[in-house]
Amino acid sequence: MRQLLTLVVLCAGLVANAGAQPPAKPAPTFPPINPAQARPDHTLGGLAGPGFAIAGNDDAGILAAACEHDAIQYWHKDVMMGVRGGDGTPHVLKGHGGPILALALGGGKVLASAGADRKVLLWEMPDGKLLHTLSAAAMVRSLAESPDGKTLAGGGEDGTVQFWDIATGQPKTKLAGHTDWILALAFSGDGKLLASGGYDGVVRLWEVGTGKKLLDIPAKPAPPPNPPANPPPSPPNAVLALAFSPDGKQLAVGGSDAMIHIFNTADGKIVRSIAGHTSSVTALAYHPTGTLLVSGSKDRTIRLWNPANGQSYKSLEGHTSWVQGVVFLAQGTRLASVGADQTVRLWDLTEPAKK
C-alpha cells in the first residue's frame with residue numbers, strides 16, 4: 001500500500017511539472033554608460049572612398065565599413081577597442097565590382113553586403129571567406145539580418161523586400177507593397193517583425209513568419225489641427241533609417257525631414273517627434289538597454305537622445321562630411337560611426353575615469 005501511495009505521489013509530481021512553464025531566462029545585463037559624457041575614443045582613417053555603411057557585433061568580433069570604391073574594410077576587436085593603434089591596417093574583402101551600398105550583420109558571424117553591381121554577397125567572419133553570391137531581381141539598396149543570424153532581408157529599387165536563407169543562400173519570401181526604392185530595413189529584437197521604408201515616405205511593418213503586412217505608417221505625421229487653408233503640397237519624408245526599440249514596442253524613423261519620429265508598433269500611432277538635426281537623418285540605433293537612441297545625419301553630427309522624453313544627452317562632432325551609419329559595440333560601451341569623410345570613428349560611452 002505504501003509503495004502504491006508513493007507511486008501516486010510521483011506521478012502527480014510528473015504531471016504538475018509537465019504543465020509548468022520553464023523558468024524565464026534572466027534579462028541580460030550591460031555595463032553602465034554615461035551618454036552625457038560620451039567622447040571620442042579613436043579614429044580609423046584611410047577608407048577606400050567615402051563610407052556608405054557600417055556593421056559589427058561582439059560575436060563576430062569585427063567592425064566592417066562599406067566603401068564607394070568596391071571594398072569592404074574590416075578590423076578585429078583589438079583595433080576596435082584601441083588595443084592596437086587606431087591607424088591599424090584593415091582587412092579587405094574584394095568581391096564587388098562597384099560601390100558597396102549596404103551591409104548587415106545580425107546575431108551570427110555572417111556579414112552580408114550589397115553592391116551597385118547588383119550582387120548580394122555573404123561572408124563568413126572573421127576569416128572573410130565568401131560563402132554565397134545571392135541573386136536579386138533589382139539593385140539592393142538596404143540590408144538587415146535577423147537577430148538569430150538565419151535570415152537576410154534586402155530592399156531593392158523595385159520596391160520589394162526579398163528574404164534569403166543565410167545558411168543556404170536560397171531565396172525565400174518576397175514582400176511587395178512599396179511604390180519606390182526601399183532605403184532602410186530593420187528587424188525587431190525577437191525577429192518576428194520587419195520594418196521597411198524608402199522614397200515613397202511610408203513605413204511598412206511586416207510579420208516575418210507569414211509575410212503579412214501589418215501596418216502602413218506615414219513617415220510624416222499628420223499635420224496639427226486647423227491647418228492653414230490651401231497649404232502648399234510638401235514632398236514625402238523619404239525614409240533613410242529605421243530602428244526598433246529592444247522590446248519591439250516602438251520604432252524610430254529617420255528621414256529627409258531632419259526629424260526622428262517614434263511610433264508604436266502595435267497601432268502605428270506617433271509617440272513623439274524629436275528635432276535637433278539640421279539635415280537628413282541617415283542612421284539610427286538603440287542601445288541594447290533601450291535607454292539611449294543614437295542618430296547620425298548629413299549635418300555631420302551624431303546625436304544621443306533619451307527616447308523616453310526626446311531630450312538630448314549630447315551631440316558628437318568630428319566627422320567632416322555626412323554620417324552614413326552607426327552601430328553599438330562592446331556590450332554597448334562603444335559606438336562606431338562611418339562617414340563620407342572616409343573615416344570610421346569610435347566613441348566611448350563609459351563613465352570617464354576620475355582623476
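Leu329 stands opposite Arg334 of strand E27. This is a predicted model, where local features need pLDDT of at least 70, side-chain atom pairs count only at pLDDT 80 or more, and totals for chains, interfaces and linings use all residues. Residues are numbered from 1 along each chain as its sequence is written, and side-chain values use heavy atoms, without hydrogens or water.

**The sheet**

Six bridges join E26 to strand E27 (residues 334-339), and the two run antiparallel. Strands (E, at least two residues) are DSSP runs, numbered from the N terminus. Two of them pair if DSSP finds at least two bridges between them. E26 and E27 belong to an open sheet of four strands, ordered E1-E28-E27-E26 with antiparallel pairing. Strand E1 (39-44) and strand E26 (323-329) are the edges; each has a single partner strand, so one side of each lacks a neighbour in the sheet. From one strand to the next, the twist averages 25 degrees. Angles run from 0 to 180 degrees between N-to-C directions, with axes as lines fitted to C-alpha atoms.

**Salt bridges**

Side chains of opposite charge can pair when their charged atoms come close. A salt bridge here puts a side-chain nitrogen of Lys or Arg within 4 Å of a carboxyl oxygen of Asp or Glu. The structure holds nine. Three of them are listed below.

| Pair | Closest N to O distance |
|---|---|
| Arg334 and Asp41 | 2.9 Å |
| Asp216 and Lys213 | 3.1 Å |
| Asp341 and Arg345 | 3.8 Å |

What does the pair Arg334 and Asp41 link? It links distant parts of the chain: Arg334 lies in strand E27, Asp41 in strand E1, 293 residues apart. Arg39, Asp41, Arg334 and Asp348 are linked in a network of salt bridges.

Burial is set by relative accessible area: buried is under 20%, exposed over 50%, partly exposed in between (1.4 Å probe, protein chains only). Arg334 is buried at 13%. Asp41 is partly exposed at 30%. Asp216 is partly exposed at 38%, and Lys213 is partly exposed at 38%. Both Asp341 and Arg345 are buried.

**Cavities**

The whole structure has two cavities of 30 Å³ or more. A cavity is a set of points on a 1 Å grid where a 1.4 Å probe fits but cannot get out; lining residues have an atom within 4 Å of a point. The largest cavity has a volume of about 80 Å³, the space filled by probe spheres set on the points. Its lining counts 13 residues, with Ala137, Ala138, Asp158, Thr160 and Gln162 nearest the centre. Strand E11 (151-156) and strand E12 (160-165) are the elements giving two or more residues to that lining.

How values were computed
On a 1 Å grid over the protein atoms alone, a cavity is a set of points where a 1.4 Å probe fits but cannot get out, and a pocket is an open set with protein on both sides within 12 Å along at least five of seven lines; lining residues have an atom within 4 Å of a point.
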